[in-house]
Structure formats: C-alpha cells, structure tokens
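Student: I would like a close look at a single part of this model, taken slowly and with its surroundings. Please begin with strand pairing and then work outward to whatever lies around it.

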Amino acid sequence: MNKEPAAIGVLPHSVMAEKAVVSVLLQYPEKIDEAPSLTQEHFHLPTTRIVFGLIQELTAAGKSVELVSFIQTLTDRGLLDRAGGPSSVTDVYTYQPSSCHFVNHVAILSEKLARRKSISVGAELQRLAYEEEEPLEIITATAEPISEIHDLLTGNRSATSTKAVLRECFSRWEKLCTGQLDPMGMETSLAEINRRFRGLHGKQTVVISGYPGGGKTALAGQLAIDVAVDGHNSLICSLEMPAESLMSRALAYVARRPGDAITHPLKYCREQFDTSGPTKDLLEAVQSATKKISASPFSIEDLIGANVYKIAACIRRAHRKNPLALVVVDYAQRIRAAPEMRRESREQQLAHASNHLADLAKELGFCLLLPSQLNKEATAKHAEAINEDADLHLQIVQDRTGNPPTYAHKGIAVAKDRHNGEDGQLLSIVLDAPMVRFIAKPLHS
C-alpha cells in the first residue's frame, strides 16, 4: 500500500509527542537528564517550545518546577499568552500521566527535527548547485548538517549531561573491577604497543612522524590491517599512494611474504627459488591472505588532492555505513588547504586540518592515525601544531650519522603520551624493510 505524499508546506512535527515530552518534564523535571541533547529546536509548536525553554532554564539553574509558580513566571515575563494561556499550560501538565514512554517520545522529536533539517539542507543544496562555482563549497556547507541529521536519526548525539557521564564512568569502573571489561583497547601485532599503551583506543589521535621513506605509511597501514583482521572497521584515506599499491602492501603483510613477492612475483620466485613461476606455498599464502583481507572490515579510499572537508566527508560517509574504529589519513602534509585557509601560511593550513580531524575522531569515536613528515631538523614539516592535537605521538627514529647517513632504524620514540604522561621512552620496534612491516628489534642488533 503506497503512502500518500505529505502536504507541501507543512513541516514535519508531532503535536502529541511535543505535548507528552513537555508534560513529563513539568511533572518530573529530573527526567531532562535522560535527554541531554534535547533543545528548543526539537519543538516545532511555539507553545511547547516556550514551555520547554523555561523548564530547561529553571532546571539548569537548580530551581524547582512547580505548576503555579511556573505559570506565574510565564506571566511575569509576558510569555503566558504566547504559551497558550493558563488553561493550555495546565492541559499540557496533565496530558501525560506517566513518564514510561519519555525516551520514545524524545526519539520522535529527534526524527521530526531531522526531517525538518533535511528539507532545509535540500533547499540549500539546490541553491548551491545553481549558484556556487566551487564544488568544495557544497561539501563545506552541507557536511556538518547532513551529519547532524544522521545523528538525530540514529540517536548518536555527542551532547551528554555530567550526571550521565558520571554514571557511565562509574559503570565502566565496576565492570573493570569485576573483570567484565578489559582495559585493553584494539590489539596490534606489536606487543610493546599493546603493553605500553594497552593497544589503540577510540577518540584517540595518534601522530606517527618520520623522515621520507622512513616507514610512516607502513606502520600506519600495519596497525590498520591488525585491527581490521581482528574485526574492527578500519579505513585508510590515502593522499599519496594509490589504493592498489597500499593493498599490495596489505596483501604482503597478511601473507607474511616480502613486498616483492606481490609486486614482482616472477622476479622474486626466480631469485629466491630458481623457479619460472610462483611456488605452491606462495600461491596458497597469497590466496589465504586475499580471503582474510576480503572477509575483514578494511577499506581504502583514494583521496589525492583532497582538503580536510573532502576527507571528513569521506570519513562520515563510511562511518554512516559502518561505524569506524580506526582511520588513517596518510599523510598530514599532503592535505590541501581548505578554501577559507588559502591565504594563510602552510603551518596554519595544516594546523586547521589537524584540529578538524582530531575533533572528528572524538565526535565519531574512532582512533585517528595521522602520519606526519619530519624535516631535516627532525621537526614536523610545516606542521609543528599537529603534535599539539595528538594524544600520542610516535616518532620513528633513524640513525642519521655518517656521510651520507645510513638512516638505519633504531626504534620508535614516544614523543608525547597525553594519557600516561611518560614521554621520551624508546620502544624496541624497527622496520623490517624487505617485509615492509615493523617488528620487535632483534636482540643481536
């Protein structure tokens, strides 16, 4: 049975849900803690919007909400007639005798608000499509409201009351004490990272810095594959290497074979096994790795030439399909300037991009891996501010002695550790160049 189209010009709203929510809050104002994201914008009717606004103001100030004094406050402020008069406020007060459906009614308000915003965004998209010359302006102007619409429809709202945060924190502590929850985050193939940082964690920004060719992409890709094979949704946004090249590395890593075995298989087999084609062992290893990667929630996006808004839009789009646990943006210095930052210094441009991505990681709850290139002075190239946004900064250390320098790997330095507060340690993790993977440093080296 087909639905009849909604009347054009009547914005989506629910009179019953609006009255029910306000009725419950007038009788049980403490219930507002269960809907910390609720705002006046959720109410389409002027009467319920006014009543809710006063309830919100009084509860925020720690004042009681009592019907007689509430009506008097509306009168004193000249809002009573706009709220429908004393009889209308009293009618709303008695409208919903029970609070058991409060959360469901709030969800209805969120859905209706999302629909109203969708209409608004649709109109703005139409205007931009006709008027704006820069396609990126469309992304810039609509990415945030579209994401907000998604959050409203899924209930994934970032605003949370202090009491709710406290309850969640205490509940987590109880589960840790009883062994119901493991403090370990996402485990990696590197035991020292698992031990030192308890793995990788959501809402965390990890900067991986190193010299050109030092293994930044290899380390970030290795960690992304580790968590994906373990069942966590992982995305690499590549600003430099083509997706095919990154996937070849991933295939070699999972197959536990050198990079040449994937990129130059005939040459590799001729030199290693003196055969004219792949050995049975190599075929089985690559086939097994292909199946393993294919079955894992791992993806790569080619974003060469993208600015931070295009990158963020790609991340949000992927997150809407399947919530992301880890995102790699490879690498910081390849992020193009946002339209409004084109006249600023490169340092300011990259600081803006880094800050935007770090905020996005905390908003959506994923772990952000952000490789960053070092200059000759061993500082972030054009982007020292990137390190300020990092929760964890891992710097790939190479030996620069000799003429010319050998750039042999010595370990990974913990340049910054915001959560544990222990900086300056050197982790015994080095690059195994032929295998294009990081391993524990051999004892004899």
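Tutor: In strand S6, the residue that serves as bridge partner of Ser209 is Gln395. Please keep in mind throughout that this is a predicted model. Ser209 itself has its place in strand S1, which covers residues 205-210, and the pairing just named belongs to a set of four bridges that join S1 to S6, the two strands running parallel. On its other pairing, S6 is joined to S7 by seven bridges, and here the strands run antiparallel; within that pairing, Leu394 of S6 has Val414 of S7 as its bridge partner. S6 is mostly covered, since six of its seven residues are buried.

Ser209 deserves a closer look at the level of side chains. With a relative accessible area of 2%, Ser209 counts as buried, because the limit for that class is under 20%. The side chain of Ser209 is joined to that of His393 by a polar contact of 2.7 Å. If the neighbours within four places in sequence are left aside, the residues in contact with Ser209 are Lys216, Ser372, Leu374, His393, Leu394, Gln395 and Ile396. His393 is thus both a polar partner of Ser209 through its side chain and a member of this contact list, while Gln395 appears in the list as well as being the bridge partner.

Just before S6 comes a charged group. Asp391 lies in the loop between helix H16 (386-389) and strand S6 (392-398), whereas Lys362 lies in helix H15 (residues 346-364), so a salt bridge between them ties together parts that are 29 residues apart in sequence. The side chains of Lys362 and Asp391 do meet in such a salt bridge, at 3.3 Å from N to O. Asp391 also meets the side chain of Arg418 in a salt bridge, with an N to O distance of 3.0 Å. This second pair likewise links distant parts of the chain, as Arg418 sits in the loop between strand S7 (409-417) and strand S8 (426-427), 27 residues from Asp391. Through the shared partner, Lys362, Asp391 and Arg418 are joined into one network of salt bridges. How buried or exposed is each member of the network? Asp391 counts as buried, at 3% relative accessibility, while Lys362 is partly exposed at 36% and Arg418 is partly exposed at 42%.

The network belongs to a wider set, for the count of salt bridges comes to 12. Another of them is formed by Arg77 and Glu57, whose closest N and O atoms are 2.6 Å apart. Arg77 lies in the loop between helix H3 (67-76) and helix H4 (86-93) and Glu57 in helix H2 (residues 46-60), so this pair ties together parts that are 20 residues apart in sequence. Arg77 counts as partly exposed at 43% relative accessibility, and Glu57 is partly exposed as well, with 39%.

Helix H2, which carries Glu57, can be checked for its length: at 1.5 Å a residue its 15 residues should span 21 Å, and the end C-alpha atoms are 21 Å apart, which agrees. The buried residues of H2 are Thr48, Ile50, Val51, Phe52, Gly53, Leu54, Ile55 and Leu58. For reading such a list, it helps that an α-helix has 3.6 residues a turn, so residues three or four places apart point the same way. The cover over the buried residues of H2 includes helix H1 (15-27) and H3. Just after H2, Gly62 takes a positive phi of about 75°.

Finally, consider the nonpolar interior. The largest nonpolar core has 44 residues, and those with the most contacts inside it are Phe298, Leu326, Leu369 and Phe438. Apart from that core lies another, of 30 residues, among them Val207, Ala312, Ala338 and Leu357. Leu326, when its neighbours within four places in sequence are left aside, is in contact with Leu200, Ala224, Val227, Asn233, Ser234, Leu235, Phe366, Cys367 and Leu369. For the chain as a whole, 44% of the 445 residues count as buried, and there are 16 helices and 10 strands. Among contacts between residues at least 6 apart in sequence, 68% join residues at least 24 apart.

Note on methods
Residues are numbered from 1 along each chain as its sequence is written. This is a predicted model: local features need pLDDT of at least 70, side-chain atom pairs count only at pLDDT 80 or more; totals for chains, interfaces and linings use all residues. Side-chain values use heavy atoms; hydrogens and water are left out. A nonpolar core is a set of buried Ala, Val, Leu, Ile, Met, Phe, Trp, Tyr and Cys residues joined through side-chain atoms within 4.5 Å. Buried means under 20% relative accessible area, exposed over 50%, partly exposed in between (1.4 Å probe, protein chains only). Contact means heavy atoms within 4.5 Å. A salt bridge is a side-chain nitrogen of Lys or Arg within 4 Å of a carboxyl oxygen of Asp or Glu. The expected span of a helix is 1.5 Å times one less than its number of residues. A polar contact is a pair of N or O atoms within 3.5 Å; within protein, one must be able to donate a hydrogen and the other to accept it, and residues adjacent in sequence count only if both atoms are side-chain atoms. Two strands pair if DSSP finds at least two bridges between them.
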